[in-house]
Amino acid sequence: MERFHFEQLLSKRFQRRGFLLGAGALTGLVISSQWSQRVVAAPKFSGYPFSLGIASGDPFPQSVVLWTRLAPEPFSSDGGMPQQNVPVQWQVATNERMSHIVRSGTAIATPELAHSVHIEVRGLEPNRWYWYQFKVGNEISPLGRTRTAPAFGEPLDQLNFAFVSCQKWDDGYYSAYRRMAEEDLDLVFHLGDYIYEYGIDSKGGVRNLSIPEQFRSETVTLDRYRLQYALYKTDPDLQRVHALFPFVVTWDDHEVDNDYTDAISQDKDPVKKFLGRRAAAYQAYYEHQPLRRYSLPQGSDMRLYHRLIFGDLVQFYVLDTRQYRSNQPCGDGETPRCEAALDPSKTMTGIEQERWLLDRLDSSQLRWNVIAQQVLMAELEHKLGSGEIFWNDSWDGYPLARQRILNHIVNRRISNPVVITGDWHSTFVNDLKLDFKKLNSPTVATEFVVTAISTGGDNNGYDDYYGPKIPENPHIKFFDGDRRGYFRVNLNHERWQTDLRIVTTVSRSDAPVFTFASFIVENGRPGAQRI
Ligand SMILES: [Fe+2]
């Protein structure tokens with residue numbers, strides 16, 4: 001693989017290649033902004049406008065999304081930008097030196113979307129690396145690297161990716177991201193809790209930095225969500241992994257409100273009020289992620305679930321288990337299973353998304369079928385001794401919705417199903433059983449639950465709390481509650497390998513990483529085996 005020298009951040013080639021806004025440069029662009037139709041052609045900034053970094057995402061065979069948001073003053077709610085449209089130039093090259101440009105253009109950053117841009121670059125070649133860069137006024141962005149997926153059905157020997165979740169900024173440094181940046185990966189999945197909605201204390205938690213007053217309150221308004229993303233996005237290790245790898249993102253609850261479902265907030269706010277908050281949160285999410293146009297929010301609705309195909313090897317189904325979910329049938333928190341949980345109308349995905357998932361699984365010709373989603377799918381009964389207790393916000397609160405998917409996988413003989421999950425700030429490796437109550441029930445799929453990047457810090461006490469109860473769940477092959485990191489996957493036609501990559505601490509940003517354990521899934525044989 002071609003190595004990428006991140007240190008070459010500010011390539012002068014951008015200027016050398018005559019990156020001047022010509023008279024006709026904006027022709028044909030549709031500008032919609034309620035504040036001003038005027039375009040500032042030569043903007044001046046009070047600080048570096050690319051303070052939040054750059055990103056790419058959603059690799060298709062001929063297309064990828066490029067993202068940035070202009071914010072010369074990231075800790076003011078308007079990012080230090082004028083209420084005016086600003087043209088942002090972009091270039092895509094086939095080499096790191098940016099000397100062989102294959103695509104370029106100008107996007108308009110509007111105040112309505114916090115001066116973010118989402119460029120869906122088309123006409124690229126499948127299965128190759130590209131480099132990209134932005135320019136606004138006289139300022140040039142860091143250099144980014146991204147890649148396209150192979151053509152549909154094209155033979156693909158292997159894919160290397162990582163998946164992550166839960167990066168509470170004030171709980172720890174992103175040492176896991178610093179180490180992930182040293183890996184050779186084709187892409188990264190973020191499975192939710194990219195931000196947390198809670199206010200930040202004056203010391204910034206573990207980071208021990210002086211945090212301005214405007215970060216103290218819980219995120220409820222659009223301005224406040226924007227500030228929270230800006231704070232997270234200023235982290236250099238997060239910026240680095242975004243610049244190095246395309247990301248595929250989905251959200252969990254904390255991008256909006258803890259344990260929310262559809263229109264129901266944690267505190268049971270009036271629905272209309274909460275939907276206003278949800279609209280603000282969804283918009284801020286869109287503004288800060290490399291998402292395609294179909295994800296542009298419509299009020300409090302936003303389409304996030306979608307699939308990605310890599311050659312003849314793997315299809316990913318990226319789910320949204322928050323927006324369309326029934327309220328937790330047995331209430332919040334952990335309880336014994338109640339009768340309402342056995343109501344078949346209770347849904348985790350909504351009827352439409354569930355149909356979409358089952359239909360796409362059905363028609364898949366791919367060797368591996370991977371469901372990328374938020375919350376623990378395996379059963380976790382965690383009352384010591386007799387009696388039962390379940391965490392109602394995970395699939396355990398919606399057992400029939402889970403059963404419908406597992407039944408479908410068996411009945412339709414779906415090829416090599418694997419589920420990748422976040423949320424729990426713990427590591428689990430699980431066999432997904434047709435019937436979790438029966439030891440000899442067939443294993444129908446494998447689930448890897450990735451621990452947090454930082455949430456919970458170095459010790460959140462989950463080993464003590466859950467550890468003793470794991471033996472009551474023999475389908476759980478591995479559990480660890482207190483370590484932080486990311487999971488790395490090497491996938492080929494014969495085998496899936498997950499390496500549990502764990503950092504020694506999140507109390508500093510340069511902690512080393514080690515492989516805590518490795519598990520494989522063999523083609524045609526569901527269930528994880530430790531190697
Ligand atoms: Fe989380």
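This passage describes the iron site, a pocket, a disulfide, a cavity and two backbone features of a predicted model.

The iron ion is held by four residues. C166 contributes SG, D193 an OD atom, Y196 its OH and H425 its NE2. These donors coordinate the iron ion at 2.0 to 2.5 Å. The angles that the four donor atoms subtend run from 87 to 167 degrees, so the arrangement is irregular. A tetrahedral assignment would require all angles to lie between 85 and 135 degrees. The upper value of 167 degrees falls outside that range, and the arrangement is therefore not counted as tetrahedral.

Along the sequence, the donor residues follow the spacing C-x26-D-x2-Y-x228-H. D193 and H425 thus link distant parts of the chain, 232 residues apart. D193 sits in the loop between strand 10 (187-190) and helix 3 (222-233). H425 sits in the loop between strand 17 (417-421) and strand 18 (427-433). Both D193 and H425 are buried. C166 has a relative accessible area of 0% and is therefore buried, since the cut-off is under 20%.

H425 also appears in the lining of a pocket. The second largest pocket holds about 260 Å³ of space. Its lining comprises 15 residues. Those nearest the pocket centre are D259, W391, D423, H425 and Y462. By class, the lining of this second largest pocket divides into six nonpolar, three polar and six charged residues. The iron donor H425 is thus also one of the residues nearest the centre of the second largest pocket.

Cysteine pairing was examined next. The count comes to one disulfide. The disulfide joins C330 to C338, with an S to S distance of 2.1 Å. The angle about the S-S bond is -90 degrees, and the link is left-handed. The two cysteines fall into separate exposure classes. C330 has a relative accessible area of 14%, which places this residue under the 20% cut-off, so C330 is buried. C338 has a relative accessible area of 25%, between the cut-offs of 20% and 50%, and therefore counts as partly exposed.

Enclosed space was also assessed. The count comes to one cavity of 30 Å³ or more. The largest cavity contains about 30 Å³ of space. D58, F247, V248, V249, P290, L291 and H306 form its lining. Strand 11 (residues 247-249) gives the most to this lining, with three residues. The lining residues of the largest cavity divide into five nonpolar, one polar and one charged.

Two residues other than glycine are noted for a positive phi value. For M98, phi is near 60 degrees. M98 is found in the loop between strand 3 (86-93) and strand 4 (101-109). The relative accessibility of M98 is 1%, so this residue counts as buried. For H115, phi is near 55 degrees. H115 is found in the loop between strand 4 and strand 5 (116-121). With a relative accessible area of 2%, H115 is likewise buried.

Terms used
Residues numbered from 1 in each chain as written. Predicted model: local features only at pLDDT ≥ 70, side-chain atom pairs only at ≥ 80, totals over all residues. Heavy atoms only, no water. Donors = N, O, S within 2.8 Å, 3.2 Å for Na, K, Ca; no water. Tetrahedral: all angles 85-135°; square planar, octahedral: opposite > 155°, others 65-115°. Helix = DSSP H or I, 4+ residues; strand = E, 2+ residues; numbered from the N terminus. Buried < 20%, exposed > 50% of the residue type's maximum accessible area, 1.4 Å probe, protein only. 1 Å grid on protein atoms, 1.4 Å probe; cavity = no way out; pocket = protein on both sides within 12 Å on 5 of 7 lines; lining within 4 Å. Points joined across faces, edges and corners; volume = space filled by probe spheres on them. Nonpolar A, V, L, I, M, F, W, Y, C, P; charged D, E, K, R; others polar. Disulfide = S-S within 2.5 Å.
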